[in-house]
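Hi everyone, thanks for coming. Please take a moment to look at the sequence and the model, and then I'll walk you through a few spots.

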Amino acid sequence: MILILNILWFILGGFLSGLGWLLAALVMAITIIGLPWARSCFTLAMFSFWPFGRDVVSRKDLTGRDDLGTGTLGLIGNVIWFVLCGWWLALWHIAAAVTLGITIIGIPFALQHLKLALASLLPVGKTVVDYDMIDRSRSAGRGSMPPAPPPPARSGNA
């Protein structure tokens, strides 16, 4: 079902949404001072092309530790992002969500646009993961990845 939804999403506007995010990533990279945001734009572009079965989560929640994007510098980066372009990207995704949400068939697509709207407000310090990765992380304990399986036992002479 996720594959079908992703294909429909891609055909019915996900391709254009992803191209918009790639354009934003290119513009940010060209300006040099926008490089910290270019990575976030690229990540969200890939998410925008194929959003079903994945979600945007904080890297701190996923790994259980702070990094450059989840600390104070990430907060400053998110504030600058919000002022420069986050609010209008979110507005575009909300408008698309309202338009799609009017029809019953468009509701799943509207929910994906709302996810993108939230992600476009504060993208620094976030990452895109599959739902099964989130489930494994939660089952292992909040903020930690599941432990690696033990190596296979060896038998005989080594």
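**A tryptophan, a core and two cysteines**

Let's start with tryptophan 81: setting aside neighbours within four places in sequence, it is in contact (heavy atoms within 4.5 Å) with Trp21, Met28, Trp37, Cys41, Gly86, Leu89, Ser120, Leu121 and Pro123. A word on the numbers: this is a predicted model, where local features need pLDDT of at least 70, side-chain atom pairs count only at pLDDT 80 or more, and totals for chains, interfaces and linings use all residues. Residues are numbered from 1 along each chain as its sequence is written, and side-chain values use heavy atoms, leaving out hydrogens and water.

Now the largest nonpolar core, which has 22 residues. Such a core is a set of buried Ala, Val, Leu, Ile, Met, Phe, Trp, Tyr and Cys residues joined through side-chain atoms within 4.5 Å. Buried means under 20% relative accessible area, exposed over 50%, and partly exposed in between, using a 1.4 Å probe and protein chains only. Among the residues with the most contacts inside this core are Trp21, Cys41 and Trp81.

So what is the relative accessible area of cysteine 41? It is 0%, which makes cysteine 41 buried. Does that leave you wondering about a partner? A disulfide is a pair of cysteine sulfur atoms within 2.5 Å. The closest cysteine sulfur to that of cysteine 41 belongs to cysteine 85, and at 6.1 Å it is too far for a bond. Cysteine 85 is buried as well, at 7%, and the disulfide count is 0.
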